[in-house]
Amino acid sequence: MFCLGAGVAFLPAMPCARAQVLAQKNWAGSGVSSEVWWKRAVFYRIDPTKFQDSTGTGKGDLAGITQRLDYLQALGVDAVIVETAPGGGKATLLPTGDAGAAFDTLVRDAVGRHLRVLVDLGAPASQQSDAQYVQMARGWLNQGAAGIFVPTPALEKIDGGAHIALLLQQLRALTNSFPGERVLIADGAAQQQDVMLQNGLAKYAELTASAPLGAAAGGVAPTVAVLREEWMSALGDTRGGDASADAEPAAKPARGHGERRHESTSRSQTAGNPLLMAVRMPAVADPAQRLAMERALAVMLLASRSAVLLDYGQELGLEMAGTNRPLMQWTPTNVTRTPAPPTDAQAAAAGAGYKSFQPYVRPLPKNLFPAPVMPVVEEADLPTPEKIAAMPGFTAGEIDPAMVAPNGASASVVTETYEPLSLLNLYKQLIRLHHDNATVRSGAQTVLNRDDVGALVWVRRAPANSRTSSTVVVACNLSGRPVVLTDLGGVALNSMRSLLQPAPRDLLKVEPGAVVVGETK
């Protein structure tokens, strides 16, 4: 199968041209925007076996992801990365048979929701399987995948950096040969000091995932100072716009007490391509401290100018227990309720079929009150609230106890959706700001040193070519006492309004564990 050029566009669409719909009108990268779609996109990585079960067997599948596309669209992500090899091993999901048909349906339905679907290839079986690895990538791209994610750390366990760089070169040439702005992403989080590998990542990968922020050692959350330095190091140049050597430095504001502007022009190890930022939720025992850290990491992640990588359940704060990642937690019990049997009237209506004659029923007098309608009370087989009926759980079958999230009852989609200050609703608002707010997307950044009060504070100023003149102030309080925002380098705090809802009563007083994102002129 091969694709013909534009000169024969009148011919029926070939399967390999299916991905043309991935760059629709008004989408980033369609020609309307000068920026490619993936440069600041939010990617959502899914293990299909643990995300949603569509068959009731207790094991997730591709059709389950299709069922949850409305949730992903409401969350605001741009693309989904489907893992074909859970745990980073050999691929168990291949673009053939039922998997190929299910993926085809997933891509088609995702396009209607302005979502792209990429594939995480996993690691090849051995050094000698490069041809099969590239051929597998070709198969997924033929199925309409918008790009390929290469788990570099898994490949490092098989071979050295020079060989991986050669493989990346082949994959980049492959993605470039397909229409629809396909993207090659590499996971550079655990890369070694191999010069050939660094050069290969910089030259061939269009996005390289950074080491995750917030990784805790021994279950202890990193200090504010460590987290701030780690974040600034990952971001590299924070002067605004693209992190390029010829970028013009932002104007220096008047410095307040304790302020330190981050002016480093250092780069990450993969300097040649934009970063894909990620976080790792630390397994902190104290629930209040953990929630504060989760909020801070969410703001640091989505208020950056980089592309963003989320793992399924991250927006809920799911705890990843041991080596086994939990199931996506949709409801507190995560088991789909058994539907109530139909009433006699419903059964009769369903079996009535077509009727040629409908008897006339005389309407009630207008002055007669209608009979009261009594509420229908369903006897559920599970102790779950009625609002869960619209959001079925993971499965209708049995759930493996080892896959149940320890905090699943409190960290579920239903629970978080109906809580205004939940982590899920914070992620939804931050993703919108990441997409729509020009200052958050590409403004110059000033990081303030507030380590002494246990807070992360930074200021983003509008880019020079922006139509807005707003300044965004971000503060994350990781301490156990309130933090008052004062002296932020000449920023007019008296006119600040909150960009998050519900807005706190006092934007200048950040409560313990809270985050503030405000806009001021």
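This briefing describes selected helices, contacts, salt bridges and aromatic pairs in the structure above. The model is a predicted one, and every value below is computed from it. In it the count of salt bridges comes to 12, and the structure holds 6 aromatic pairs. Trp 330 recurs under several of the topics, since this residue touches Ser 412, pairs with the ring of Phe 51 and has Arg 68 lying over its face.

**Helix α10 and Arg 290**

- Helix α10, which runs over residues 287-302, has 16 residues and reaches 22 Å from its first C-alpha to its last, close to the 22 Å expected at 1.5 Å a residue.
- The helix is mostly covered, with 12 of its 16 residues buried; among them are the charged residues Arg 290, Glu 294 and Arg 295, as well as Met 293, Leu 297 and Val 299.
- Arg 290, a residue of this helix, counts as buried because its relative accessibility is 7%, which is under the 20% cut-off.
- Leaving aside residues up to four places away in sequence, Arg 290 touches Met 281, Pro 282, Ala 283 and Val 284 on the one hand, and Gly 317, Leu 318 and Glu 319 on the other.

**The loop between α11 and α12**

- Ser 412 is found in the loop between α11 (344-352) and α12 (413-417), and this serine is buried, with a relative accessible area of 0%.
- Beyond residues up to four places away in sequence, Ser 412 touches Leu 316, Gln 329, Trp 330, Thr 331 and Pro 332.
- The C-alpha atoms of Ser 412 and Glu 315 are separated by 9.8 Å, although the two residues are 97 residues apart along the chain.
- Ala 402 is also found in the loop between α11 and α12, but at 44% relative accessibility Ala 402 counts as partly exposed.
- Ala 402 and Pro 326 are 76 residues apart in sequence, while their C-alpha atoms are 7.6 Å apart in space.

**Salt bridges**

- Glu 206 forms a salt bridge with Arg 172, the closest N and O atoms being 3.6 Å apart. This pair links distant parts of the chain, with Glu 206 in the loop between α8 (195-204) and β6 (207-209) and Arg 172 in helix α7 (residues 161-176), 34 residues apart.
- Both partners of that bridge are buried, Glu 206 at 11% relative accessibility and Arg 172 with a relative accessible area of 19%.
- The side chains of Arg 497 and Glu 519 meet in a salt bridge at 2.7 Å, N to O. Because Arg 497 lies in strand β13 (residues 497-498) and Glu 519 in strand β15 (residues 515-520), the pair ties together parts that are 22 residues apart in sequence.
- In this bridge Arg 497 counts as partly exposed, at 48% relative accessibility, whereas Glu 519 is buried, with a relative accessible area of 13%.
- Glu 229 and Arg 228 also meet through their side chains in a salt bridge, at 3.3 Å from N to O; here Glu 229 is partly exposed at 38% relative accessibility, and Arg 228 is buried at 4%.
- Salt bridges also join Arg 45, Asp 47, Glu 83, Asp 311 and Arg 325 in a network.

**Aromatic pairs and charges over rings**

- Ring pairs link Tyr 44, Phe 51, Tyr 71 and Trp 330 into a cluster; the structure holds 6 aromatic pairs.
- The rings of Tyr 44 and Phe 51 have their centres 6.2 Å apart and their planes at 70 degrees, and the pair is therefore edge-to-face; Tyr 44 and Phe 51 are both buried.
- The rings of Phe 51 and Trp 330 have their centres 5.3 Å apart and their planes at 75 degrees, so this pair is edge-to-face as well. Phe 51 lies in helix α1 (residues 48-51) and Trp 330 in the loop between β8 (307-311) and α11, so the pair ties together parts that are 279 residues apart in sequence.
- Phe 51 and Trp 330 are both buried.
- Arg 68 lies over the face of Trp 330, at 3.8 Å from the ring centre.
- Elsewhere, the charged end of Arg 116 sits over the ring of Trp 37, 4.3 Å from its centre.

Methods:
Residues numbered from 1 in each chain as written. Predicted model: local features only at pLDDT ≥ 70, side-chain atom pairs only at ≥ 80, totals over all residues. Heavy atoms only, no water. Helix = DSSP H or I, 4+ residues; strand = E, 2+ residues; numbered from the N terminus. Buried < 20%, exposed > 50% of the residue type's maximum accessible area, 1.4 Å probe, protein only. Contact = heavy atoms within 4.5 Å. Expected span 1.5 Å × (residues − 1). Salt bridge = Lys/Arg side-chain N within 4 Å of Asp/Glu carboxyl O. Phe/Tyr/Trp six-rings, centres within 6.5 Å; stacked < 30°, edge-to-face > 60°. Lys NZ or Arg CZ within 6 Å of the ring centre and 35° of its normal.
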